[in-house]
Amino acid sequence: MATRSGKRTFMAALVALFGLVSQPLWAHAHVTDTHPDDGAVLEQAPARLELQFDAPIRITRFDVSGPQGAVETSEDPVGPPSERHAAVPADTLEAGEYQVVWRGIAEDGHTMSGDYRFTIQE
Ligand SMILES: [Cu+2]
């Protein structure tokens, strides 16, 4: 069994095994949903802005901007790791286009970022 190909097979098996074992206990996170939906056109201002992930993530940035610039939120989603993060606008959002830009760190240590937009009709 001490042939070269045997060794190679053994090494390949070892690498495969290591790959299995190192499947993250701390998973990478993916966005599963946002509120409002990306690209949504709303007739009413949303009461809250939300991000949902398939694994806990620590949010490090959650910036909302609209026709008047930066939007103040009374509830800050920057905090402990969670699968769900929400921000509540301090004032009712007026009509216009909005963008949410976020950043976070998944439990596997990977930095993630994204954005989504929505429009509130006049
Ligand atoms: Cu990852």
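**Exercise 1. Determine where Arg61 is placed and which residues surround Arg61**.

*Solution.* Step 1: Arg61 is found in strand S3 of what is a predicted model.

Step 2: The relative accessible area of Arg61 is 35%. Buried requires a value under 20% and exposed a value over 50%, so Arg61 is classed as partly exposed.

Step 3: Leaving aside residues up to four places away in sequence, Arg61 touches Val78, Val101, Trp102 and Arg103. For Arg103, 42 residues from Arg61 along the chain, the C-alpha separation from Arg61 is 4.9 Å.

Step 4: The side chain of Arg61 also forms a polar contact of 2.6 Å with the side chain of Asp63.

**Exercise 2. Find the aromatic pairs of the whole structure and classify their geometry**.

*Solution.* Step 1: The search of the whole structure returns two aromatic pairs.

Step 2: In the pair of Phe53 and Trp102, the ring centres are 5.2 Å apart and the planes meet at 80°. Planes over 60 degrees apart count as edge-to-face, and therefore this pair is edge-to-face.

Step 3: Phe53 belongs to strand S3 and Trp102 to strand S6, so the pair ties together parts that are 49 residues apart in sequence. Both Phe53 and Trp102 are buried.

Step 4: In the pair of Tyr98 and Phe118, the ring centres are 5.4 Å apart and the planes are at 10°. The limit for stacked rings is under 30 degrees, so Tyr98 and Phe118 are stacked.

Step 5: This pair links distant parts of the chain, with Tyr98 in strand S6 and Phe118 in strand S7, 20 residues apart. Tyr98 is buried at 4% relative accessibility, and Phe118 is buried at 1%.

**Exercise 3. Identify the residues that coordinate the copper ion and locate the two histidines in the fold**.

*Solution.* Step 1: The ligands of the copper ion are His28 through ND1, Asp108 through OD and His110 through ND1, at 1.8 to 2.0 Å.

Step 2: Along the chain, these donors follow the spacing H-x79-D-x1-H.

Step 3: His28 is in the loop between helix H1 (4-21) and strand S1 (31-35), whereas His110 is in the loop between strand S6 (96-106) and strand S7 (111-120); the pair therefore ties together parts that are 82 residues apart in sequence.

Step 4: With 31% relative accessibility, His28 is partly exposed. His110 is likewise partly exposed, at 42%.

**Exercise 4. Decide whether Glu50 is buried or exposed, and describe its contacts**.

*Solution.* Step 1: Glu50 lies in strand S3, which covers residues 49-66.

Step 2: The relative accessibility of Glu50 is 7%. Since the limit for buried is under 20%, Glu50 counts as buried.

Step 3: When residues up to four places away in sequence are not counted, the contacts of Glu50 are Asp33, Thr34, His35, Arg84, His85, Ala86 and Tyr116.

Step 4: With Arg84, Glu50 shares a side-chain polar contact of 3.0 Å.

**Exercise 5. State the configuration of the peptide bond from His35 to Pro36 and the place of Pro36**.

*Solution.* Step 1: Omega for the bond from His35 to Pro36 is near -5°, and the bond is cis.

Step 2: As a point of reference, most peptide bonds are trans.

Step 3: Pro36 is placed in the loop between S1 and strand S2 (40-42). His35, on the other side of this cis bond, is among the residues that Glu50 touches.

Methods: Residues are numbered from 1 along each chain as its sequence is written. This is a predicted model: local features need pLDDT of at least 70, side-chain atom pairs count only at pLDDT 80 or more; totals for chains, interfaces and linings use all residues. Side-chain values use heavy atoms; hydrogens and water are left out. Donors are N, O and S atoms within 2.8 Å of the metal (3.2 Å for Na, K and Ca); water is not among the atoms, so sites may look incomplete. Helices (H or I, at least four residues) and strands (E, at least two) are DSSP runs, numbered from the N terminus. Buried means under 20% relative accessible area, exposed over 50%, partly exposed in between (1.4 Å probe, protein chains only). A polar contact is a pair of N or O atoms within 3.5 Å; within protein, one must be able to donate a hydrogen and the other to accept it, and residues adjacent in sequence count only if both atoms are side-chain atoms. Contact means heavy atoms within 4.5 Å. Rings of Phe, Tyr and Trp (its six-membered ring) pair if their centres lie within 6.5 Å; planes under 30 degrees apart count as stacked, over 60 as edge-to-face and the rest as tilted.
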